[in-house]
Amino acid sequence: MSISKEKYSKMTDKASPNSPIALNCLKAFLFGGGICCFGQLLNTIFKNIGLNEEQVRIATPSIIIIITAILTGIGVFDKIARHAGAGTIVPITGFANSVVSPALEFKHEGMILGTAAQMFSIAGPVLVYGIGTSFIYGLIIYIFKLY
């Protein structure tokens, strides 16, 4: 059975519900902003209890990563992400989720070939290209500062 591209496009448009773009953007903004506000709250709390600037810079993202990993592990983060959409991709929470999710998914295959091998299956390419790009960017800045 052969079907034209135009007819196929019309069929998929009819079968696919339209997503509420404005509502999705608002949810992403509110959830993402909420995560950032929570990070700022942690930052302020850590400063008020007497941690120095370096300790605050270490403690704040560490706590956010731990909370995200725990919420992912108990299945809550996915429920939040269903509503928040792109708002949960605030870099640190998205990264923590992208490391923990595959690790949990493949844990039945064992610690080495399951959890450890699959842990960076999503985050690995991001790390490789992020580190590579930052190296190239740093090299370019270094060269232009010499001249």
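Which residues make up the largest nonpolar core? L42, F46, V56, A59 and I64 do, five residues in all. The model is predicted: local features need pLDDT of at least 70, side-chain atom pairs count only at pLDDT 80 or more, and totals for chains, interfaces and linings use all residues. Residues are numbered from 1 along each chain as its sequence is written, and side-chain values use heavy atoms, with hydrogens and water left out.

**Nonpolar core**

- A nonpolar core is a set of buried Ala, Val, Leu, Ile, Met, Phe, Trp, Tyr and Cys residues joined through side-chain atoms within 4.5 Å.
- Buried means under 20% relative accessible area, exposed over 50%, and partly exposed in between (1.4 Å probe, protein chains only).
- Helices α2 (21-48) and α3 each supply at least two residues of the largest core, and its largest share, three residues, comes from α3.
- Helices here are DSSP runs of H or I with at least four residues, strands are runs of E with at least two, and both are numbered from the N terminus.
- Apart from neighbours within four places in sequence, the core residue A59 is in contact with F46 and L51; contact means heavy atoms within 4.5 Å.

**α2 against α3**

- The axes of α2 and α3 come within 9 Å and cross at roughly 135 degrees, which makes α2 oblique to α3.
- Axes are lines fitted to C-alpha atoms, for helices over the stretch in contact, and angles run from 0 to 180 degrees between N-to-C directions.
- Angles under 35 degrees count as roughly parallel, over 145 as roughly antiparallel, 65 to 115 as roughly perpendicular, and the rest as oblique.
- The crossing of α2 past α3 is right-handed, meaning that the near helix is turned clockwise from the far one by less than a right angle, whereas anticlockwise would be left-handed.
- On the α2 side the contact is made by F38, G39, L42, N43, F46 and K47, and on the α3 side by E53, V56, A59, T60, I63, I64 and I67.
- Residues of this α2 with α3 contact divide into eight nonpolar, three polar and two charged.
- Ala, Val, Leu, Ile, Met, Phe, Trp, Tyr, Cys and Pro count as nonpolar, Asp, Glu, Lys and Arg as charged, and the others, Gly among them, as polar.

**T60 in α3**

- T60 lies in helix α3 and is buried, with a relative accessible area of 10%.
- Beyond its neighbours within four places in sequence, T60 is in contact with G39, L42, N43 and F46.

**Contacts of α4**

- Helix α3 (residues 53-73) and helix α4 (residues 76-84) have axes that come within 5 Å and cross at roughly 95 degrees, which makes α3 roughly perpendicular to α4.
- Here T68, L71 and T72 of α3 meet V76, F77 and I80 of α4, giving a contact with four nonpolar, two polar and no charged residues.
- Helices α2 and α4 pack at an angle of about 135 degrees, with their axes 8 Å apart, and are therefore oblique to each other.
- K27, A28 and F31 of α2 and I80, H83 and A84 of α4 make this contact, with four nonpolar residues, one polar and one charged.

**V90 in the loop**

- V90 is found in the loop between α4 and α5 (91-105), and at 18% relative accessibility V90 counts as buried.
- Setting aside neighbours within four places in sequence, V90 is in contact with G32, I35 and C36.
- V90 and A59 are 31 residues apart in sequence and 17 Å apart in space, C-alpha to C-alpha.
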